[in-house]
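Here's a quick walk through this model, starting with a pair of packed helices and working outwards. Keep the structure open as you read.

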Amino acid sequence: MMMKLSRQFTVFGSAIFCVVIFSLYLMLDHLQLDHTKSPNNGGDKLQNGQLSILQDKIDRLERLLSENNEIIANIRDSVINLKESVKDGRGGLDGGNMSQGHYLELLASPPLVLPIDSQDCQFATREFSKPLLDVYDLLTFDNHDGGVWKQGFDITYQDNEWDSEPLQVFVVPHSHNDPGWLKTFDDYYRDQTQHILNNIVVKLHEDSRRKMIWSEISYFSKWWDNIDNQKRDAVKRYLFEQGQLEITTGGWVMPDEANSHYFALIDQLLEGHQWLERNVGVKPQTGWAVDPFGHSPTQAYLLKQAGLANMLIQRVHYSVKKHFASQETLEFFWRQNWDPASSTDILCHMMPFYSYDVPHTCGPDPKICCQFDFKRLPGGRVNCPWRVPPQPITDGNVQQRVQMLLDQYRKKSKLFRTKVVMVPLGDDFRYAEALEWDQQFQNYQKLFDYMNSHPELHVKAQFGTITDYFNALRKLSIEPGHPSASLPVVSGDFFTYADRDDHYWSGYFTSRPFYKRLDRVLESHLRAAEILYSLTLANIQRFGKLNDFPAVENNRLLTEARRNLGLFQHHDAIAGTGKDMVVIDYGTRLFHSLLNLNQVIVNSAHWLVLKDKSAYSHNPSKAFLQMDDIQPSQDALPQKNVLKISSQPRSVVVYNPTEQDRTSVVTVYVNTPHVCVITDHGHPVPAQVSAVWDDSTTPHQDLAQVPALGLGLYQLSTAVSGGAETAEYVFLRQGGELSVNMKHFTVNIPQDRLKLKENGSEHQIKVEFAWYGTTSNRDKSGAYLFLPDGEAKMYSPARSPVIRVTKGSVFSEITTSFDHVTHTLRLYNVQGVEGQAVEICNLVDIRREFNHEIAMRLASDVDSKDRFFTDLNGFQIQPRRTMAKLPLQANFYPMTSMAYIQDPGTRLTLLTAQSLGSASLVSGQLEVIMDRRLNQDDNRGLGQGVLDNKVTPSTFRLLLEKRAKTDGGEKPSPLSYPSLLSHVSSLYLNHPLISMAVSTEAQSLSLTAFTPLASSLPCDIHLVNLRSIQSKDGGGPSDEAALILHRKGFDCAFSNRNTGLLCATTQGKVNLFQSIIPVSLTLMHTTEGGSSKEEIRLKPMEISTYRVQLT
C-alpha cells in the first residue's frame, strides 16, 4: 500500500495565487495593432504610448505584489506548517489521494525565503585535504618525439628484475562492436556481429584455455533472441563454470561520456543489467570503455553504484597518458571530488598507448606489436602499415618471436607498479571469421607454451578476461601483507581528449546538434511516461481493475523506448559521428519512440483523470486525449495542434513530470483570440493572447499551476467579453531604439544588451554571435575534431535584421531574425523560478554555409579571469581554467546542462536544454558552439564531413545570482555546486509541463485532477525515475518498480528569495513508500542493510535505487 496522507494540506486553501494559461492566436488579421508603422514614421509615438501602458501595468503589478506580500505574511504560520510536513521528507505517494486527488486547484503561496536546513549548507563549504593532482598545470604539452613510442619516452629495464617475482601476463581477447557508425546497428549485426558471437560458442569449446570478453548488450540480446537453447546453455557454461567468457560493463552500449545526461547513462546501464539478470543471471564486475572520446567521473560513479569494482579507460590526452606513465599512476583509484573518504573509489586502469588495436597494446613499439596481430598474416585483407608482416609461429622461430614479444611485455610493465601486465588482443569487429580465431589463438598459445615452459624467462603468460587481470592486480597491490606500493587516488575528468598534435576532439561536443536536442526531448518524455505509467499501475491495483488498461502493450512501448534511447547513448550516436544514413536510422528510432511514449502518457493520464474508473475504455482508434504538439518526422521540428474553441468548454490536462509543486509555462494554440480560461473548479484564469508568426517556429509559452507529478485540469471556451488580454507588438528594421523592462531585467535593442538588476546593482550582458572557420592546414575540422582558423569573427549579417517586440501581461520577448539564426530573448512576468531567468531561444540554419561553425557568445562585466565551470553529464560541476599554453580548441569542454562564470560577488549561469561545446576564452565571457557545417572528413575513420544540417532549435536560460556570503576573494577549489535555484531552473527547462487536450467526444465525462504526492519532495531531492520492472516471464510489468533518487549538492551562498518553490531541505530524509528495499543502482545487488524500511536517507550527491511495491 502507498503511504496514506498524514494531514490535510490545509495551507492550499489559505492562499490564492494566479494561474495563467496563455493562448496563442493564429489569425494575424485580428491583431489590433498597425504593424506597418516604422520607428521613423510615427513609430516613436507608438512605442512611447505602449511603454507608458506597460509602465502602468507594471505599477499595478507592483501594488498587487505588495498586497500579496501581506497575504504571505498572514499565512506565514501555515507555510511553517508546510515546512514541518516536509521536514522529515514526507512527500509521500498518497494512496487515498492518488485516485480522486482532493486537489485544491490553487497551490499554496510560497514562502519569500526558502527554508534551508543549516546543516544542508555545510556540504558545499567543505575542503578536503586529500591531494588532487592538477595535471594540466604541470604539463608543458610540448609533444616531443619519444622514439618508437612517439608520444611517450624510451623505456628500459634490467634483465634480472623479474628473478624474484615473475611477470604475469594476461592477454585479453576482445572485439569492439559499435552499435552503429559506418553501418547501421542492424547492418553491422547482419554482416559481422552475429558471426562473432556464433564463433564464440564454437571456438571457446575447442580449447578451455581460450578467453573472450563482450560488452554491448544491445547486440548480445538481439543474438540471444535468435539462438537455440543448446547455444544458450553453452554460453552459460563459459560464463559461470569455465570462466572463459566475461560480460564487461553490461550496459546497452558503451556510452559517450561527454554528451550523455546521467539519466540516460543510468537507463542504458539498467536496461543492460536487467536484461542480463532476466536472461543469463550474470553480474558484471568490470567496466570496459576503450572507445569513448574522453572520460567522465560520472560514469565511474555510476559503475561503482551499480556494484562494479573495476574499470578500464583508453582515450585520454596523449600528454596526460605520458605523465601518468612516467609517474606509474596509470592504475589508480578514481574518486569523486566531493568524497572525503573512499566510498566512491573504483579501481581504474588507463591504457598507456595511442589506441586499443593490437599494434598499440602489446608494448611501446607498434612496428613490433603489429607483427603479433595474426589476422595481418600475409595473404589477408589487413596488413601492417610498418611493412613488416607477422610470421606464423613455428618450432623454428618461436624462441626469437618470444624474445621480441616478451621485450614489449616487460617494457609495458615498467609503466605500472606491479609485476602483472594486461595486453588487449582485438580491434573493431574482430573474430568474425573462424580463420581469425585459429590464427590468433593457435599462434599465441604456442608463444605462451614456450614462455611458460622456460622458467629462466621469469614469465607466466595466458589468455584472460579483464577481471582475471584485476583479480591478480588486487592480489599484488591491495591485499595486506604484500610489499608492493599502494595505488594512488585521482579525482577529476579526462576532457578534452587529443590523440595527436593539436587535434582536440572538441568538435563532437556539438556535431549534429538537432539530434542532441531530440535526445533530451526523448529523455524527458521517457521519464514522464515511466513515472505516470508506474503511478497508473499502482492506482489500478488500488481499484482492482486492470482488464482494459493496455499495461502489457505500454510496457512493450516503454521497453522499446528505453532501448532506442540507450542505443543513442553509444559513443558514435549522440556524439554525432556516424554516417549520414546511420544518423537517419538513429533519428527514426528516437522519433518512433517519442510517438510511442506520447501514447503511454496519454493512456496513463486517461485512467488517472477519470472520476468514474468504471467508465474507462481503451480505444486506440479514438483517443481520449491528444498531445499538444506532434513531431511530423524524425528530422522536423514539432508542430502545435490547434484547439478549436467554442462556447462549449474544451478541457485541457496538464502533466507536471517534476517532483516540485510548480507554477510554470505551457503552450496552447487556439483558433480565436476571444478565449476564456477557467480551472476545473470554475475559477477564472488570466490569459494572454499572442500571435503565431508564420516565419517563427520558436515555441511560445504560458503559465499553469500543477502539483508535483500530478495532473491539473483547465477549461477553455470562447469569451463574449472580459477574456484574455491581447499582446502588443512593435517592429524595428533600421534605426530606432527600444527598452523592454520586466522586474529586474531590462533589454535594450537593437544593441541586444541585457541589463540585469539584482539587489540595487546592475550587470550588463551582451548577446553576440560569431563564426569559426577551419584551418588552412592539411588536417581540418570534421565530425570529431575542432581545428579553427584562429579566433572567431563576429557575425555581421548582410542585411539589417527584423526585430519584433512582444509585450504582454504574462511575458515579453524580443525576436531578432538574422539570415542564419532567429534569436529570441524572453522575459517572464512570473513569481517564481521562471521569472528569475531570461530565456534564450535560437533557431539556427547554416545549411548554405561552407566550413563554418556558429557560436553564441555572452559578454558580461563578471570578473571571472581565466576560470569557468561546466557540468559533467548534468550530474556534477567541474572547474575549468582557460590556458594560454593550449590551442583555442583545447579550451572547449562539454556542457550537458550548464556552464557558469563567477567573481567574488556574482555568478552568471547559462542553463542548456541540449549538450553543446562551451568555453570562456576571455574573462567575463561564455560561448557555446550551436552548429557546425564541415565539408571534409577529419581522418578519424568516418570518411565524410558534416553536411546533413537541419534547422535546429536550441534553448537556454540565463541566471544572474548575487553571492550572499563572500569571504573577500574566491579561492580556486576542486569543488563547486549550483544553487538550488539553478538546479530547479535546469529541471524545469529540461522537463517542461506536458499539455493534452480532451477529445471533443469525451467532454461529457466527469474528470478530476490527480495529486499523487502529499507535498513537494525536499528541494535538493530529484526523482530520477520511477521505472516499472518487467515480470519474470517477460510478458508485462511486475508489481514492483525501481525508485531512483538523487540528492543534489548545492551552494547556499546564493539568495533563496522569491524562488516560488514549495519545499524545504531535510538533511536527505525522504518518506515515499511504506516499504522500500535498498538495492544497487541497477538492481543487481541488495545493499548492506537491505531489509525493507520506510525512511530513505541520502548523502549529498548520492544516487540510490530502491525496490518498491506498486500494490
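## Where α15 meets α16

In the contact between these two helices, α15 brings Tyr515, Asp519, Leu522, Glu523, Leu526, Ala529, Glu530, Tyr533 and Leu537, while α16 answers with Ala551, Asn554, Asn555, Leu558, Ala561, Arg562, Leu565 and Phe568. Sort the residues of this contact by type and you get eleven nonpolar, two polar and four charged. Bear in mind that this is a predicted model.

As for geometry, α15 and α16 (residues 551–568) pack at an angle of about 150°, and their axes are 10 Å apart. That angle is over 145 degrees, so α15 counts as roughly antiparallel to α16. The crossing of the two is left-handed.

## On to α17

Follow the chain and α16 has another partner: α17 (residues 580–609), packed against α16 at about 145° with the axes 9 Å apart. Here, too, α16 makes a left-handed crossing, this time with α17. From α16, the contact uses Asn554, Leu557, Leu558, Glu560, Ala561, Asn564, Leu565, Leu567 and Phe568. On the α17 side you'll find Tyr586, Arg589, Leu590, Ser593, Asn596, Leu597, Val600 and Asn603. By type, the residues of the α16 and α17 contact come out as ten nonpolar, five polar and two charged.

Asn554, Leu558, Ala561, Leu565 and Phe568 of α16 are worth a look, since they turn up in the contact with α15 and again in the one with α17.

## The α5 and α13 pair

Now for a pair elsewhere in the chain. Helix α5 (residues 185–206) and helix α13 (residues 434–452) pack at about 45°, their axes 10 Å apart. This angle makes α5 oblique to α13, and their crossing is right-handed.

Ile196, Asn199, Ile200, Lys203, Leu204 and Glu206 of α5 touch Ala434, Trp437 and Asp438 of α13. The split for this contact is five nonpolar, one polar and three charged.

## Cores

Which residues touch the most other members of the largest nonpolar core? They are Phe220, Tyr409, Tyr444, Phe494, Met996 and Leu1043, in a core of 254 residues. Helix α15 (residues 513–543) supplies the largest share of this core, with 14 residues. In soluble globular proteins, nonpolar side chains do tend to be buried together.

Phe494 gives you a feel for the packing: beyond the residues up to four places away in sequence, Phe494 touches Gly294, His295, Ile313, Val316, Val320, Phe324, Phe332, Trp334 and Met350. Apart from the largest core there is another one of 21 residues, including Val172, Met351, Ile466 and Ala472.

## A loop residue: Ile227

Ile227 sits in the loop between α6 (217–224) and α7 (229–241). Is Ile227 buried or exposed? With a relative accessibility of 11%, Ile227 counts as buried, because the cut-off for that is under 20%.

Setting aside neighbours within four places in sequence, Ile227 is in contact with Asn198 and Arg232. Asn198 is 29 residues away from Ile227 along the chain, with 9.0 Å between their C-alpha atoms.

## The whole protein

Zooming out, the protein has 18 helices and 49 strands. It runs to 1111 residues, of which 65% count as buried. Among contacts with a separation of 6 or more, 78% join residues 24 or more positions apart.

Key:
Residues numbered from 1 in each chain as written. Predicted model: local features only at pLDDT ≥ 70, side-chain atom pairs only at ≥ 80, totals over all residues. Heavy atoms only, no water. Core = buried A, V, L, I, M, F, W, Y, C linked by side-chain atoms within 4.5 Å. Buried < 20%, exposed > 50% of the residue type's maximum accessible area, 1.4 Å probe, protein only. Helix = DSSP H or I, 4+ residues; strand = E, 2+ residues; numbered from the N terminus. Contact = heavy atoms within 4.5 Å. Axes fitted to C-alpha atoms, helices over the stretch in contact; angles between N-to-C directions. Parallel < 35°, antiparallel > 145°, perpendicular 65-115°, else oblique. Left-handed = near helix turned anticlockwise from the far one by under 90°. Nonpolar A, V, L, I, M, F, W, Y, C, P; charged D, E, K, R; others polar.
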